[in-house]
Number of protein chains: 2
Amino acid sequence: MNPTRLKKLIRPLVQKLHAYVPGEQPKIPGLIKLNTNENPYPPSPHVLKTVQAAVDGRLRLYPNPTAERLRAKLARLHRCTPDHLIIGNGSDELLALAVRTFTEPSPKSRVQYFTPSYSLYPVLADTHGAAKNPVPLNPDFSMPGLPGLKRGQVWDFNAALTLVTTPNAPGGRGYPTAELDKFCRAQQGVVVLDEAYVDFADENALKLALKHPHVLVSRTFSKAYSLCFQRVGYFVGHPDLIAALHKMRDSYNVNGLGQIAAEATLDDLKYYRANFRQILTTREQLSRQLTKLGFRVLPSQTNFILTRPPLFPAEQWLQKLRDRKILVRWFGAKEVRDYLRITIGTPAEAEALVRAVSAIAAEGG
Amino acid sequence: MNPTRLKKLIRPLVQKLHAYVPGEQPKIPGLIKLNTNENPYPPSPHVLKTVQAAVDGRLRLYPNPTAERLRAKLARLHRCTPDHLIIGNGSDELLALAVRTFTEPSPKSRVQYFTPSYSLYPVLADTHGAAKNPVPLNPDFSMPGLPGLKRGQVWDFNAALTLVTTPNAPGGRGYPTAELDKFCRAQQGVVVLDEAYVDFADENALKLALKHPHVLVSRTFSKAYSLCFQRVGYFVGHPDLIAALHKMRDSYNVNGLGQIAAEATLDDLKYYRANFRQILTTREQLSRQLTKLGFRVLPSQTNFILTRPPLFPAEQWLQKLRDRKILVRWFGAKEVRDYLRITIGTPAEAEALVRAVSAIAAEGG
């Protein structure tokens, strides 16, 4: 088959697509990995024991197609019904499903999101063939147009779907629930509040999903609950929107051991809450130490900090830290290219980072 | 929000959609489950041990985003390169991705498939907004239009995507590779040969995916390899088509323990091949016994049989067997409503089925 005919087999939309680039998962012995916002602490002993005990002949069977037991447990936790819940193969799957369920594959249908924010959002719009409305955040990463949201400014109040990461990445800033409530009321389309980092924040907006029929809240077991490996996220919202998402998903979208791990996690929340407190303590200590070393550290409501380093461009810091086996994240987008995003690790990892930063600064000075 | 406004948030396509209905996964103690073509034998002891040993602190980390090690092992098995391979969250995910990658969301772009065949295919076309071309199989479930495929008959040689289950479900018939080769050569669009059941067949068509750039072969670890619970399937094909599919998938689409389970499976193929032989033996025995009891059993190249029961309508047999805690599958589509689809279980399960069938026949006689 000649290359022209081969190319014609693939949709033009796909040919033009720039796929989302996930953070590196390198296998370097001794590497300190602070680049993809994973929790530095393992799942609880109870979770590990429960999953181990489940690895038996049942692997031959299909998992529960709607993650029934997990939804029942989450419904009790969030004081809603299982019909308010859909479980996904990570929250990424549900974000993609939301784009396909609530927006048309047409330049007339818009996906709206902050910029900078989760860099997957524009990819999801492009993948589907919907239009994008990236709304620039204020220079301090606060929400633009507030107070007094007005039409004809930056926001499209008729966007079919608006994706809001709160607390936001990579900025780290949390948006007050009262502000989000006002924002949601102004929107005519569906609003997803992506709370991937909310367990590290002072407040959450879950009640908005139970109050406004057009608002969905997205949560994940990946980061706060140390289950990235097993791909479990969920949406909370009005049963009609949730039912529409269920229609669009694969029948057995959530693997069985992931369901079991997430269920066991909900039985052991005390363990995780202690981890959150430790991560916040480390976050505040590290922020103070980096500030002393000349870094500008933005206030964070997440398990990472966004920080502007001194002396060299941020991209050079990325490399210099990598040379010392510390991996952080750098994004090329213009609003954030002067910053590094650093995941909060253990106290020992934070100390190693501070030592490396001091040594690099000393060399460069 | 009033119901009209709420409804407007959901795409008309989604509102109209009839979701795929997976086979039941009931929790009835002592149930003999012969309805969803799961393997009756557990994963090998080596696989279970390897997965158990992997349940540790690593669950906090993201899995390898491209299932690199698994692709390397599969490449050795199939004598191709890792670039010929994409791993999915079950092969269902990849089938859905194929529809989104190779067909337009437009009534001008067609998804073509046999009928009856895997009832997911029309749902995938509807979910995407592509047109459907269901091609009726001959009454004996053989491929129509062969020999001497002709335009203007049942086949659309320009369909953007053709999905062929081979061996087919629910008919159980396998299509000879030479016939499939001729069929693929006639097609101008992408052809996916869905070999979910191929390990129970006399031949496979993998070489067609390595020979024809527009042909992809779909495989799964679910059925033959007893890993339904963990959701791992894959496509083999031309690196350009595979690269297009990679662009469209979620970044971390395959859970980590699923990757590890599939890798360990490939180290232990001897165990599985012994299971396949046992299942074929049970299939032939059960077919003979049911034939003696007045059932018409179609020849099968899979781990299930399609069979037309005597005395009562098939739907009544479904219920009567269920009353005796044996679950089989019945489909309402007109070509197969007179049949039951029965998964091949262990010899003991097959004996229990034969006893139940004899008892039901005695009552009804």
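Is Glu363(A) buried or exposed? Glu363(A) is exposed, with a relative accessible area of 57%. The terms have cut-offs: buried means under 20% relative accessible area, exposed means over 50%, and partly exposed lies in between (1.4 Å probe, protein chains only).

Before going on, some ground rules. This is a predicted model, in which local features need pLDDT of at least 70 and side-chain atom pairs count only at pLDDT 80 or more, while totals for chains, interfaces and linings use all residues; side-chain values use heavy atoms, leaving out hydrogens and water. Residues are numbered from 1 along each chain as its sequence is written, and chains are lettered from A and ligands numbered from 1 in the order in which they are written.

Back to Glu363(A). It forms a salt bridge with Arg324(A), and the closest N and O atoms are 2.5 Å apart. A salt bridge here is a side-chain nitrogen of Lys or Arg within 4 Å of a carboxyl oxygen of Asp or Glu. Glu363(A) lies in helix 13 (residues 347-364) of chain A, and Arg324(A) lies in the loop between helix 12 (314-323) and strand 11 (326-327) of chain A, so the pair ties together parts that are 39 residues apart in sequence. Helices (H or I, at least four residues) and strands (E, at least two) are DSSP runs, numbered from the N terminus. Arg324(A) is partly exposed, at 34% relative accessible area.

Now take a second pair. Lys211(A) and Asp181(A) meet in a salt bridge through their side chains (2.9 Å, N to O). Lys211(A) sits in helix 8 (residues 206-211) of chain A and Asp181(A) in helix 7 (residues 177-186) of chain A, so this pair ties together parts that are 30 residues apart in sequence. Lys211(A) is partly exposed at 43% relative accessibility. Asp181(A) is buried, at 12%. A third pair is Asp56(A) and Arg58(A), whose closest N and O atoms are 3.0 Å apart in a salt bridge. Both ends are partly exposed: Asp56(A) has a relative accessible area of 26%, and Arg58(A) has 32%. Over all chains, a search of the whole structure finds 26 salt bridges.

Next, step back to the domains of chain A. Domain 1 covers 3-43 + 270-364, and domain 2 covers 45-268. These bounds come from an automatic or database domain assignment. The domain centres, taken over C-alpha atoms, are 23 Å apart. How do the domains meet? In chain A, 32 residues of domain 1 are in contact with 35 residues of domain 2. Contact means heavy atoms within 4.5 Å. The two domains bury about 2800 Å² between them, 64% of it on carbon and sulfur atoms. Buried area is the accessible area (1.4 Å probe) that two parts lose on being put together, summed over both.

Across this domain interface the rule finds zero salt bridges. It does find 11 residue pairs in polar contact (both at pLDDT 80 or more). A polar contact is a pair of N or O atoms within 3.5 Å; within protein, one must be able to donate a hydrogen and the other to accept it, and residues adjacent in sequence count only if both atoms are side-chain atoms. On the domain 1 side, helix 11 (269-292) and strand 10 (304-308) of chain A are the elements that give two or more residues. Helix 11 of chain A gives the largest share, seven residues.

Now look between the chains. Chain A and chain B each give 76 residues to the contact. Together they bury about 6900 Å², 61% of it on carbon and sulfur atoms. Arg60(A), Tyr62(A) and Phe229(A) supply 13% of the area that chain A buries against chain B, more than any other three residues. The count between the chains is two salt bridges. One pair in a salt bridge is Arg11(A) and Glu104(B), with the closest N and O atoms 3.4 Å apart. The chains also have 40 residue pairs in polar contact (both at pLDDT 80 or more).

Finally, visit one residue of chain B. Gln187(B) is in the loop between helix 7 (177-186) and strand 6 (190-194) of chain B. Gln187(B) is buried, with a relative accessible area of 0%. Not counting residues up to four places away in sequence, Gln187(B) touches several residues, including Arg5(A), Trp155(B) and His214(B).
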